Amino acid sequence: QKDDSQRLLESFNSDEKEHTVMKSKAEPYASKEEMVLEESESPLNSNITAFALKAKVIYPINQKFRPLADGSSNPSLHENPKQAVLPNQVMETSTSGSLGSLSQGDKEDCSSSTTIHSTTSDDRFQARAFLKVTSFPEVLTCDSFDVKLCLCSLILKDLMLLDTELRNEKHVMFIQVLKIRFTDLYHKKKITDDLLKKILLIQENDFEELQNQLDSRLQNTEMSGAHNSEYQTLEDLERKEREYSEHIIDNMEAFWKQTDKAQQAFLDQSKCSSTKAMKITMDLTEKMIAVESFLSESQDLQAMDIQERLFNWELMVKIVDSLKSYIPEECKCRLNIVSNILDHLTVKNNLSVRQKEELLTDLHKAFWEQLAHFSNECIQQSKDLILKRLECRAKKREEFKHRQKAEQGSLLSKTFHNEDVHDFLKAYHELLEKHRQAQWELQEEDDCESTEAVTDLYKELYSKASHALVELVTELFLQTLPVVTGLSIRECELLKEEWQENLAPQLEKWETHRQRRWKLFQEQLLQEKKLWIKEYALSAVMQKHLSEKQEKIIQGVVSRLGCLSDESVNFILQKQRLLLCSVLRRLTLRRVGMAALARMRMSRKKSLLQELRVQHTLQKGSSPCQDEDQWQLQKAV
């Protein structure tokens, strides 16, 4: 008990110095209950909980920690020790929180910002507000803790946009197929011109009303739970994704019912024979199967591009992130060498310990204040730069949309005959694919240029910081030390030269360390990519199995009926194939969305695990003389 209490005090003192909780700017977004929960999970409380559990003392749940008046023991600790879950006191470190902490005036710990979580933090993590972004360049100015969440939220946004585009394409194609088919009957004098126009107008209005209903429901989903328009939570995204999927499934069902209704209305008006009506219906179904095939192939390729885009984004963010962390780390390395030289002077009695501490304090204060000022300027310049680039992107996108709409209108205005339907579907789909590719290339180019521009700003910040530090160190050695120590100018110049000589190997060592970290990050990203490809292949196999199983089921049902004509059986199987293609395509997109949400939910634990692996690998490379016990301990960690 004595050891536990001593360790408690020591860890509390160290945590008091190092603990910096990254507060989101969305403070109003959190409820009072969440704030109380956050307070109850401080390092002190976590340690007290662990100590109390060992001492077998019951503490009231969800209250400030205090023992019960009767001091009774906890029977559950004797009966089932697994029920008593100790808070997880793993420190989560962000690699680039240093500059963020500098900009907030925290100059004591410039290496990282930390968040401590406990067993209840999964729920808190879900409810944690992070910035709502609409494009990748905005992520470059986010807090490092939010980056993974922001990137995955952009993936969900892109998936919804792709789904909307493909759905609109399907609706336009169906209307055009109807129009071509009905026009063909009009030319054969089967229906009048007025009837043709009336039927087409009714169908266009019905499908437009269907789309308006969907837009309204999606708008309600988007607005619900939006207490703060600038921030969102993982819980919000999961709910929206689930509701969005439900709305799309409902819309899909309504769409196919509407297509059946449109065909039936037309056939009733045209007074076709049942044989002719069946032939027309099967022909339309066959054409829509071809449409679903086009859309499914396009969706698979686009979904893979979107996933690839995420990996590229992570790479670009890491470039900026590593540069952010490199600046204070290298400056600390430079300051440490100055400290070593002053220590040497203290040993030689040229400086008293108090004088040394005062000189170092003044040097650190002056430098970190300058760096904080430069960092704030750099962050503001980055935000202004991104804002301007996004305005330019919006203008280019509008110009693109205007041109693309004109091209689509030109193709839709052309006259196609029934035998040319497949050619029309192919031409229209290829045109839209070309437009999507052009937009994608525009966005990719702008993302790269934005990253380069922000990187240049941080390189400039690095240059300013290095120059400021050199000036301060020069002033220390050539102006302050001669006065304080009584050393000659020449001796102080030699000390400055010693600082520069000692600096080169240290910086070279730090650069090697940084390159190794970068290589490990690339390897981790490659492993994630391989895992994603494997999961995608498995999903394709499962969908093929599902499709074959469904077809066998429907064939079994039809064969057991036994009273249907071959033509009716073929129609049922064809209709089933069409609806199945449509549903499977939606499920594919839903799976990719669920994978993105799972990535978000696991992002904190995953980044923590990756950081441990990196540390383990780096220690393994730099410490070849460790004994077996030390290696076993590292592996356990």
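**Notebook: helices, pocket and cavity**

I looked first at burial, and buried residues make up 42% of the 637 residues in the chain, where buried means under 20% relative accessible area with a 1.4 Å probe and protein chains only. I note that this is a predicted model, in which local features need pLDDT of at least 70 and side-chain atom pairs count only at pLDDT 80 or more, while totals for chains, interfaces and linings use all residues. Residues are numbered from 1 along each chain as its sequence is written, and side-chain values use heavy atoms, with hydrogens and water left out.

I then listed the secondary structure and found 16 helices and four strands in the chain, taken as DSSP runs (H or I of at least four residues for helices, E of at least two for strands) and numbered from the N terminus.

I checked helix 13 (residues 421-485) for length: its 65 residues should span 96 Å at 1.5 Å a residue, and the 93 Å between its end C-alpha atoms agrees with this, the expected span being 1.5 Å times one less than the number of residues. At Leu476, helix 13 bends by about 35°, which is the angle between axes fitted to the seven residues ending there and the seven starting there. Gly486, just after helix 13, has a positive phi of about 80°.

I next looked up empty space, using a 1 Å grid over the protein atoms alone: a cavity is a set of points where a 1.4 Å probe fits but cannot get out, a pocket is an open set with protein on both sides within 12 Å along at least five of seven lines, and lining residues have an atom within 4 Å of a point. Volume is the space filled by probe spheres set on the points, which are joined across faces, edges and corners.

The largest pocket has a volume of about 1,400 Å³ and a lining of 42 residues, with Leu161, Glu165, Asn168, Lys401 and Gln439 nearest its centre. Helix 8 (147-187) is among the helices that each supply at least two lining residues, and its 14 residues are the largest share. I sorted this lining into 16 nonpolar, 13 polar and 13 charged residues, counting Ala, Val, Leu, Ile, Met, Phe, Trp, Tyr, Cys and Pro as nonpolar, Asp, Glu, Lys and Arg as charged, and the others, Gly among them, as polar.

I also found six cavities of 30 Å³ or more, and the largest cavity holds about 110 Å³ of space. Its lining includes Asp163, Arg167, Ile248 and Arg585, and helix 8 again gives the most, with four residues. By class, I recorded two nonpolar, three polar and five charged residues there.

Technical notes:
Buried < 20%, exposed > 50% of the residue type's maximum accessible area, 1.4 Å probe, protein only.
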